[in-house]
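User: I am new to this structure and should be grateful for a close look at a single part of it. Please describe how one chain meets its neighbour, and then set that part in its surroundings.

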Number of protein chains: 4
Amino acid sequence: MSKIKDACLADGGYISYSWAKSHMKILTESAGRLKKSKPLRGLTLGFCMQMTKETSVLLVCAKELGAKVVACGGNPLTTHDDVAAFLDSRGIITYAWSDQSKSEYEWCQDQVLSHKPQILVDDGGDLNTKAHFDNRFKTLKVIGATEETTTGVNRYAAMQHKVQLRYPIIAVNNAKTKMMFDNRYGTGQSTIDGYLRAMNLIFASKTVVVSGYGWLGRGVVQRCSGMGSKVIVTEIDPIKALEAHMDGFDVMPMDRAAKVGDIFITCTGMTSVIRKEHLLQMKDGAVVGNVGHFDVEIDAKFLLSRSTTRKIRPNLDECVMPGGKKIYLVSKGRVANLVASEGHPPEVMAMSFSNQLHCILYLVKHHKKMKPRVYDVPKEIDDHVALDVLHASRIKIDKLTKRQTKYLHSW
Amino acid sequence: MSKIKDACLADGGYISYSWAKSHMKILTESAGRLKKSKPLRGLTLGFCMQMTKETSVLLVCAKELGAKVVACGGNPLTTHDDVAAFLDSRGIITYAWSDQSKSEYEWCQDQVLSHKPQILVDDGGDLNTKAHFDNRFKTLKVIGATEETTTGVNRYAAMQHKVQLRYPIIAVNNAKTKMMFDNRYGTGQSTIDGYLRAMNLIFASKTVVVSGYGWLGRGVVQRCSGMGSKVIVTEIDPIKALEAHMDGFDVMPMDRAAKVGDIFITCTGMTSVIRKEHLLQMKDGAVVGNVGHFDVEIDAKFLLSRSTTRKIRPNLDECVMPGGKKIYLVSKGRVANLVASEGHPPEVMAMSFSNQLHCILYLVKHHKKMKPRVYDVPKEIDDHVALDVLHASRIKIDKLTKRQTKYLHSW
Amino acid sequence: MSKIKDACLADGGYISYSWAKSHMKILTESAGRLKKSKPLRGLTLGFCMQMTKETSVLLVCAKELGAKVVACGGNPLTTHDDVAAFLDSRGIITYAWSDQSKSEYEWCQDQVLSHKPQILVDDGGDLNTKAHFDNRFKTLKVIGATEETTTGVNRYAAMQHKVQLRYPIIAVNNAKTKMMFDNRYGTGQSTIDGYLRAMNLIFASKTVVVSGYGWLGRGVVQRCSGMGSKVIVTEIDPIKALEAHMDGFDVMPMDRAAKVGDIFITCTGMTSVIRKEHLLQMKDGAVVGNVGHFDVEIDAKFLLSRSTTRKIRPNLDECVMPGGKKIYLVSKGRVANLVASEGHPPEVMAMSFSNQLHCILYLVKHHKKMKPRVYDVPKEIDDHVALDVLHASRIKIDKLTKRQTKYLHSW
Amino acid sequence: MSKIKDACLADGGYISYSWAKSHMKILTESAGRLKKSKPLRGLTLGFCMQMTKETSVLLVCAKELGAKVVACGGNPLTTHDDVAAFLDSRGIITYAWSDQSKSEYEWCQDQVLSHKPQILVDDGGDLNTKAHFDNRFKTLKVIGATEETTTGVNRYAAMQHKVQLRYPIIAVNNAKTKMMFDNRYGTGQSTIDGYLRAMNLIFASKTVVVSGYGWLGRGVVQRCSGMGSKVIVTEIDPIKALEAHMDGFDVMPMDRAAKVGDIFITCTGMTSVIRKEHLLQMKDGAVVGNVGHFDVEIDAKFLLSRSTTRKIRPNLDECVMPGGKKIYLVSKGRVANLVASEGHPPEVMAMSFSNQLHCILYLVKHHKKMKPRVYDVPKEIDDHVALDVLHASRIKIDKLTKRQTKYLHSW
């Protein structure tokens, strides 16, 4: 019943799945413990997620727990066709192929919803939005949903504000073991990876300008510093700026940083961080890229329109400005850590997807008592995932003694 | 009217005051800008704080803004007599001397309250508690108070819970520019300082066990790592433990860490972190100390009672256990960063005391609209202090453009 | 007269050349200053070097200084055909294409020597060896040569020992600005790059075992540590082991490290560092690779023969041992930093090739006074290259004052 | 027969000795293994060394190995009288007390030589010089000597050059396990310690200017960076400057660094590094100090003569320049890491003194074959000391296999 590019690619998809699986043990072992009791039996789950090797591990787990699993891609461009073929070969109903048109992308979502899933797992909010506002699906009986991204969570928050939500949605994105870790450690590393592949220049001795000193920026700063770069931080928040200063990094406005930076990495989630006036001031040879949420952080439009541009390396455009100065733009300003590298390592995705799995099970168990609103991941799930990661690394930690618990409560 | 040890010590106190003052410009310049308008004129301020050179800068500022200032020490043991003499010489009514008995300590507080202060500035909650529960002072007309410590804030929270608070108290302790900074950077450094003075052993290559990976523990871990030590973290919170693990440090329970550590530093705020069973497992020569809130983190009582003890260096006791194993205890388990070193550097105290000064002014302006409860420091004060520190370091940061503000609000 | 794969590829080669050139300014600017005087006029230079974009910059420089330039590849497999085509289009006589047989590889060297070069620039010693021992070329009048690698230098040292050298050879490899920098910074970074591409696992929290704490090992250790890994060092030299210990890293024999490591990186230049007995002890999932000189550091033969092997990712083989344990081998044990990534960044090659260019000019000027032996790079060239790099980064440094010079000589 | 200040101080000296001893196990255990055979029986050893707790451990070891030990202080000012008393109580003939005049200092050396020592252990070269050029001692039958310092080694090198040496002298200073380690790790830490005690300002966020990037400077840079400072390096050597640059630090001439630094630390061994013109450019509040060999690195004379000076803290002078700018001078420009702190930790001294002990034993065994010149510490002693330190830390390392030895020799 699936619609995929080529079922013959399943073997390659299986190799990718195997590699990812062996680095996502916290997810597969959690699932393994529940396999016998089939806690998802009788349920249909609808997934709208990036079709990557890591996602395939989550989908197979869900199936092994007894669910009927139906899936489409969370992005029209990024489906790995071999992974989709592998999923199909495992009995997961899959509507996904690479390079879809917008209408094809929507059609796939329609197919997923046509299976009448009771639980939706979304990555950006498209599936849940359709389930709320598309007349064909308004009568679906959804007991709850989970959401992987900030963007999705924001969309549901707006819907909740307007009292439009029809079922509870758990913001997996907000779990500490998701947000704190994929931003700092996942993106920190994949940023280095993406820039290395795009430019293959040496980080050591370079001046790297990092915009934003939130979780994301901190992760990036630490890795750049670890590669031997001098780091300059730009910020708009005085307290974060002060932290960067106390952490030993140079802090200055973009106006000044633009003149001295060799490499620029925006990490803000804000628009127009590197603007026309900054691009005009940069040194010849500056490399400019973004790892924040969207491609709005750099004024790439200005850069590309005012310069003679050629692709000089994969994911790197050379922009020759009037006067001859060259600026290099990484992956056209789109998130370089995903576009120019392979994206988050499987260990990081395992943390996110463990939260997903536990939240799905939580919905099954508790949905009757839940209201149509956005929920944070329960602290016990968050802690549980953390303990699973520690356990997988053979790490034990201390527990409160009775005396300590008493002392704690005396406050 | 003051009661101090020796007025002749004022010159020495003045030198200490000058040194501190020149490193607390964010405080003195804030005060300087307001000097002419005397915003504290007509008010009596009662301080109960550690009588150190840094405190003297805050008291002189308060007086320069027009207040009548009355002060006693926040701790019966720690008053610097030269500082007290200097304050007296500047017309600040001072009741403080070193090595007070408990009753002398209380007498000093009584004297401060007898001046009928409208605003109280407290460091631990003793003064505010007296103002609430001592019959002699129950009729005082206090418009508000500020509090420097976690301990004090906790005490008021309990009072608020029982609806006993009579006036608003601002928890200066909770300001980000206080708590986040003095814990991480102030204590991080003063821990190294205290241990260095106590033991003069080399940090490089030593295995340092840090208990607790909160703000405090992180600061300590970073500095130990920066001195070349291998760091082991013990934690009870799975998420913090996971952060330590992802930050590249060894994480294990104290049971195992006890056997391999060379130096132990407790940073938890919890009781009984290093217990009998751990002390018995430690290596010969282990150095054990605490920089958490109180002296309850190490079972020093057990250690001292079961061993032949002698003071082998200032702030370091050698404890020879039955069998001959030696354990070294830093400053008897009391907070080593304060007892064995000079305590927080003036730049860190300047951040805390700038919050104090701004909160006092805030109380003057807004107390009529405030309720008898514990308030956090207003965000604008927190940001203001951060900007002042950046400004003093000649650092400018970016501001939101109109377009960015609009983008922000679109979410 | 060239023999290359396809002259039509020249345009692509030009783009690569341009990118490299703009990051090798210390080389091109040195050449630029001498362009007019054509100091290499009348000379034929024979190059045997890796045909990469960086090499193309050196060859073009040599031509611009007046030389007739003839070149073949330094390795039968690694020629970039577009670069070779570009060189040909620039009038450099080029004998090089990818995937040569051994006899084709030798034929190319013969062609180079048949042009009767007066100066040879070698990368491994093949060309110089042929010029010494092949009867066809024994009568060549070579005034001198330079050598890029340790291997080549070792071969000449043996020849010098047997009094077989016929002309002076400058060991460019031994320049501080070559060896100290490409090992520490170049390989440090390219090791991270190669492993990231091969495995895409997270470094943070992983235990990385680095064998060897020489220049190479230190560079690798620093970058792994900068990526958030815990590092274990293995060494045979007590003093280097002690340095690693004092630098805060765990030091242990491979016997023990094998049991706890997640990722292994050999950096020794020695044979049989990771042996059968170590492979058998490793954890399931361990990743094993080498960035030392040759592919002898890991007993890959044992690993591949005793396991069921499949390529699971580019440059990564999964080896399933009897019993089911999986070991992952990076690029079959060959130098992962070159095979699995793009190799040294152009800035690092620029330092090496600047030494090459200056040494060529030195030979032209001084060869009459030089003897048939291996020379180190003159200190003034080494210093000169360092100053050029600093200058290109807009960095000035201090100079000795007269007083200081005098003080220095008083010792 | 000793001459010391007060024999009653012996108990205090014993406590210091015990503390040092328990952290110098590599020395005491080496001695312990030889105790029975008394390899120094029948010999008189003359020591001229700093009378510290660490030295007392070396002297007691020498006595336990059978020698008659006679000692005087290596500096007229730095003798710890309690240590001298303790040594006397242990039967070591001691001529040393604090605050000696120059003639008293020389008298003590005369006394040592009057005991006709066969081996001299010197710390600066005064004792050996006297043994060579003072007519009273020219006939002494010395079989050899050892030297702790660079200064001493330089003096003997000059004597060797003039063919004046009468017996072999081993340059313990040049051992890798001495020089590389006390400079990097010992001084790195003691510099932080000395500055912390002198100024008690926060390192985090401060700009620290370190002059010199040799072993010493690197150690200091690493520790400052580890304390959260931004580091600027000044250098005169292009290659060292380039290393600092590639290590991610700012490099600039002192002219520019003077304007932006908060804290200055000279580590060069050169004269006049911070000169008049630099002092005049510094920011108000700059802290200036030296940890290089002598007090010539900063033009303290200019600073003190052109400013109103007062001691504002122990080892810190406030210098108010005309115009009101304040510069703070640490320990009057003398080596701050020794003057303002306790000096090297005992673990570092243990490495140096183990070399001393082994070299003394080496002289006993080999002196007949040795010539009257300066010898480096034999590599086997250096390695042995390194292994002892590793062993004391319970660390084992790998050994070459037969196959590896063969491979090594194939080069």
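Analyst: In this predicted model, the contact between chain B and chain D involves 28 residues of chain B and 28 residues of chain D. On the side of chain B that touches chain D, the elements giving two or more residues are helix H1 (10-21), helix H8 (176-199), helix H9 (215-226), strand E12 (308-313) and helix H15 (346-366) of chain B. H8(B) gives the most to this side, with four residues. Sorted by class, the side of chain B that touches chain D holds 12 nonpolar, 10 polar and six charged residues.

The relation between chain B and chain A may be considered next. A turn of 180° with a shift of 0.0 Å along the axis lays chain B on chain A with an RMSD of 0.1 Å. This is therefore the relation of a two-fold axis. Within chain B, B:Gln222 has the C-alpha nearest the axis, 6.4 Å from it. Both copies use the same surface, since 100% of the contact residues of chain B recur in chain A.

The nonpolar cores complete the picture. The largest comprises 273 residues, and A:Ala71 and D:Ala71 are those with the most contacts inside it. Leaving aside residues up to four places away in sequence, D:Ala71 touches D:Phe47, D:Met49, D:Leu59, D:Leu87, D:Ile92, D:Thr94, D:Ala96 and D:Val112. Another core, of 272 residues, lies apart from the largest one. Its members include A:Ile202, B:Ala20, B:Cys359 and D:Cys267.

Methods:
Residues numbered from 1 in each chain as written. Chains lettered and ligands numbered in written order. Predicted model: local features only at pLDDT ≥ 70, side-chain atom pairs only at ≥ 80, totals over all residues. Least-squares fit on C-alpha atoms with pLDDT ≥ 70 in both. Contact = placed C-beta atoms within 7 Å. Nonpolar A, V, L, I, M, F, W, Y, C, P; charged D, E, K, R; others polar. Core = buried A, V, L, I, M, F, W, Y, C linked by C-beta atoms within 7 Å. Buried ≥ 20, exposed ≤ 12 C-beta atoms within 10 Å, placed from the backbone.
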